[in-house]
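Me: Hey, can you walk me through this structure, one small question at a time? I'm new to this, so go easy on the jargon.

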Amino acid sequence: MSVEKRRAWIELDEDSLLHNVRELQRVVGRDCRLMPAVKANAYGHGDVETARLLAGAGISDFCVASADEGIRLRAAGISGQILILGYTLPAQFDALREYDLTQTVVEDSYAQELSAYGRELRVHVGVDTGMHRLGIPASDADAVASVWRFPNLKITGMFSHLCVSDGTTEEERRYTEKQISDFRKVIGELRRRGIRGFESHIQGSYGILNYPEEKFDCARPGIALYGVLSLPSDRVRADVTLSPVLSLKARVGCVRMLKEGESAGYGLTYTADGERKLAIVCAGYADGIPRSLSNRGYALVRGYRAPIVGRICMDQLTLDVTEVPGVRAGDEAVFIGKSGGREIGAAEMAECAGTISNELLSRLGQRPERICFTHI
Ligand SMILES: *Cc1c(COP(=O)(O)O)cnc(C)c1O
């Protein structure tokens, strides 16, 4: 279907994605393999579309959150390593083998469970360096090393996760540096015991961007690969330019006038303080526009900022386009992306909704179709 036929859609800028891959690869260095996080439908970008573009750019490893996400990629013909970053129920161990997925060992008793499956499974060992979410404590080198005793585990990697690498205070930096050094210590301890042949990784986007001097075998960028930071105010230490991959757009369905004192939408939460021109747009919270942006957010129409007025509905919302000349049905409303000389970033929209770009993007609905674009 062409763009002309769509009510609400997502545009993916292929060149921006490839640009971000190159930039991140430059920061991590040639000896580090990027393992993009394409979980949660590739942060709303479309997992299959995104993974295919990345595979075309030479990326061979991917991170997902669940076995089902890995199966989707395999069904779409994605080869190479797919690492499941979270817990998989024993009832799905068959799928790990059938689809050649790499499972994270989330704690030491789980290694036992994986091995008890009875057939070889490929795993990465999770190590907890202070986030206290998943992994075997890094301080317990014996427990980490003991995972290698299980005959049915083919251990190809070991990893940890940073929890304040986006922070820039001295305390946050010290915490992150301690996490990294504890991770290096446990790697060294394993080597001393003769355990080798596994790859190590600890950095996500902010680990890469704020600790670029730290080198590991792999890195797991998510949000940065999509060309955005979590919040508009975030600053990073690496010298990179990231280019947003995703735009979110919808059509104006109709334009109407409101007289002073008239109200609009569910709950009548908006009342015109004079004569206003409203545009009803074909997108709502089911498309991924947070309802919390009711009477708060805005979109770009014909290069102008148009405030969202009234409550956002499931499938529609209302913009005040009084100041926008010539608006008519069929016009584009841009929620994330560029219009004229103006731009709304995902982080900006997320902040307005009281969240971060990661959440906003990963909650974009299935309904808007993803369309890939390239400028070349
Ligand atoms: C989601 C996730 C990532 C990617 O995080 P970003 O901050 O988006 O780069 C990396 N590692 C783990 C374990 C994750 O859960």
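Me: Let's start with V38: which residues does V38 touch, not counting residues up to four places away in sequence?
Reply: Keep in mind that this is a predicted model. V38 sits in the loop between β2 and α2 (39-43). Leaving out residues up to four places away in sequence, V38 touches D47, T50, L54, F62, C63, V64, L73 and Y226.

Me: Is V38 buried or exposed?
Reply: Buried means under 20% relative accessible area. V38 has 1% relative accessibility, so V38 counts as buried.

Me: How far apart in space are V38 and V324?
Reply: Along the sequence, these two are 286 residues apart. In space, going C-alpha to C-alpha, V38 and V324 are 38 Å apart.

Me: On to charges. How many salt bridges does a search of the whole structure find?
Reply: Here's the basic idea: side chains of opposite charge can pair when their charged atoms come close. To count here, a side-chain nitrogen of Lys or Arg has to be within 4 Å of a carboxyl oxygen of Asp or Glu. Searching the whole structure with that rule gives 24 salt bridges.

Me: Which residue forms a salt bridge with E369, and what does the pair tie together?
Reply: The closest N and O atoms of E369 and its partner R6 are 2.7 Å apart. E369 lies in strand β20 (residues 369-373) and R6 in the segment before β1 (8-13), so the pair ties together parts that are 363 residues apart in sequence. The partner you asked for is R6.

Me: Is R6 buried or exposed?
Reply: Take its partner E369 for a start: at 38% relative accessibility, E369 counts as partly exposed. R6 comes in at 6%, and the cut-off for buried is under 20%. So R6 counts as buried.

Me: What about R33 and E199: how far apart in sequence are the parts that this pair ties together?
Reply: R33 and E199 form a salt bridge, with their closest N and O atoms 2.6 Å apart. R33 belongs to strand β2 (residues 33-34) and E199 to strand β9 (residues 199-201), so the parts they tie together are separated in sequence by 166 residues.

Me: How do R33 and E199 count in terms of accessibility?
Reply: R33 has 30% relative accessibility. E199 has a relative accessible area of 23%. Values between 20% and 50% fall in the middle class, so both R33 and E199 are partly exposed.

Me: Where is E323, the residue that meets R276 in a salt bridge?
Reply: The side chains of R276 and E323 meet at 3.9 Å, N to O. R276 is in strand β14 (residues 276-281), 47 residues away from E323 in the chain. R276 is buried at 19% relative accessibility, whereas E323 is exposed at 56%. As for its place, E323 is in the loop between β17 (317-320) and β18 (332-339).

Me: Which side chain of opposite charge is nearest to D128?
Reply: D128 is in strand β6 (residues 121-128). D128 is buried yet has no salt bridge. The nearest side chain of opposite charge is 8.4 Å away, and a salt bridge has to be within 4 Å, so this pair doesn't count. That side chain belongs to R133.

Me: Which backbone nitrogens does the side chain of D128 reach?
Reply: One is at 2.9 Å, in G130. Another is at 3.2 Å, in M131. So the side chain of D128 reaches the backbone nitrogens of G130 and M131, where polar contacts are pairs within 3.5 Å.

Me: Which residues does UniProt list for "binding site"?
Reply: This comes from an unreviewed UniProt entry. The listed residues are spread over 182 residues of sequence and up to 34.2 Å in space between C-alpha atoms. The entry names R133 and M314.

Me: Which of these residues does the lining of the largest pocket include?
Reply: M314 is in the loop between β16 (304-309) and β17, and counts as partly exposed at 43% relative accessibility. R133 lies in the loop between β6 and β7 (136-137), and counts as exposed at 57%. Of the listed residues, the lining of the largest pocket includes R133.

Conventions:
Residues are numbered from 1 along each chain as its sequence is written. This is a predicted model: local features need pLDDT of at least 70, side-chain atom pairs count only at pLDDT 80 or more; totals for chains, interfaces and linings use all residues. Side-chain values use heavy atoms; hydrogens and water are left out. Helices (H or I, at least four residues) and strands (E, at least two) are DSSP runs, numbered from the N terminus. Buried means under 20% relative accessible area, exposed over 50%, partly exposed in between (1.4 Å probe, protein chains only). Lys and Arg count as positive and Asp and Glu as negative; His and the chain ends are not counted. A polar contact is a pair of N or O atoms within 3.5 Å; within protein, one must be able to donate a hydrogen and the other to accept it, and residues adjacent in sequence count only if both atoms are side-chain atoms. UniProt positions are given in the numbering used here, feature names are shortened, and annotations may be inferred rather than shown by experiment. On a 1 Å grid over the protein atoms alone, a cavity is a set of points where a 1.4 Å probe fits but cannot get out, and a pocket is an open set with protein on both sides within 12 Å along at least five of seven lines; lining residues have an atom within 4 Å of a point. Contact means heavy atoms within 4.5 Å.
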